[in-house]
Amino acid sequence: MPPTADDVNWPGVHGVRLTGEPIAVGYGSGTPLTSAEVRFGVVAAPDGDRLWSQPGEAGALFRRPDGRFVLTGPTGPQLEVDVPEATITVAPGKDAVQRQLVASFGVPLLLHGLDVLMVHGSACVYGGEAVVVCADSGSGKSSVLVRLVDEGWQSVSEDLCVIDLRPARPQVWPGPPWVRVHHGEPGPVGVDQAFTSADKDAWDVSATHATAPTAVARVVLLDAPGGESPVIEPLPHADALRVLARHAVWLHEPADRGRHLFGPVAKVASSVPAVRVRLPRRAGWRDGVAAVLASAASAASAASTT
């Protein structure tokens, strides 16, 4: 089904309208990037090339001779994606696992080749403008999102951000309506736990979650906490290009990564101010993060006018 303009919320995630079997991964509004059908069923064992493996053989992606992608996990084949047919087949399993598979792998595999940039990061909105926070795993981007939600920001996406390059100003699409943090870390105040996985708890932020894409005002490159006071440093275009490229997501053939990502990365780096931020390493380091990001906004604005 071709995407059409529709202001009414439709089921889907990362700008992809999902039809077929219902799966609770969120809602979007406006004109979707594309549409796909979700199916539940047994996924046959892969019979083609292995494209990549996750650490510790926790999972791997294969491409069948006919071009379909198969994602395997510890329990066997979990997901099959047919890009030309725009279908995502999910193997039987726990609901929480199926939801994460569709949002983190099924939809992103369909988006490669469209006019988007996918990055590892979290996004939130305040005052009608979105901030995308990119960081290495364990640097605190999800914890920052939790605190921003507590301070009245609207969540957009956590862990993976899909930046739509079709508008004059790049926009970030809503991801799933949850935020995941390591076991023992607090979730946003007053919300319920959505599900739990082997290493993280997911908290339900659907009550304050965006459904429409929002223009990206700036990109924050978040360093691991360190030092005694915040560090805020506007990044020149060349540095922003380099750092964004490191956080860009590419799930297809590794050899094609650079050729396909250079253009989208360059477009975001040239059109959205980027700021490097390091929060202090101390107890309660998340406190005041909204004020730090406000300072980062001022620094980005000043840099963009010089």
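This passage describes how strands and one helix are arranged in a predicted model. Residues are numbered from 1 along each chain as its sequence is written. Local features were considered only at pLDDT of at least 70 and side-chain atom pairs only at pLDDT 80 or more, while totals for chains, interfaces and linings use all residues, and side-chain values rest on heavy atoms, with hydrogens and water left out.

Nine strands, taken as DSSP runs of E of at least two residues and numbered from the N terminus, form an open sheet of mixed pairing in the order S3-S1-S2-S4-S9-S8-S7-S6-S5, where two strands count as paired if DSSP finds at least two bridges between them. Its edge strands are S3 (27–28) and S5 (49–53), each of which pairs on one side only. Within this sheet, S2 (residues 16–20) and S4 (residues 34–40) run parallel and are joined by five bridges, with glycine 20 standing opposite valine 38 in S4. Helix H1 (residues 95–111), a DSSP run of H or I of at least four residues, packs on the sheet and touches several strands, including S1 (10–13), S2, S4 and S8 (76–82), contact being heavy atoms within 4.5 Å. The direction of H1 makes about 40° with that of S8, as given by lines fitted to C-alpha atoms, for helices over the stretch in contact, with angles from 0 to 180 degrees between N-to-C directions.

Further along the chain, S10 (residues 116–126) pairs with S11 in the antiparallel sense over six bridges, and the two form a hairpin with two residues between them, where glycine 127 in the turn has a positive phi of about 65°. Alanine 130 in S11 stands opposite valine 125 and also opposite valine 216 in S18, a strand (residues 214–222) that runs parallel to S11 and is joined to S11 by five bridges.
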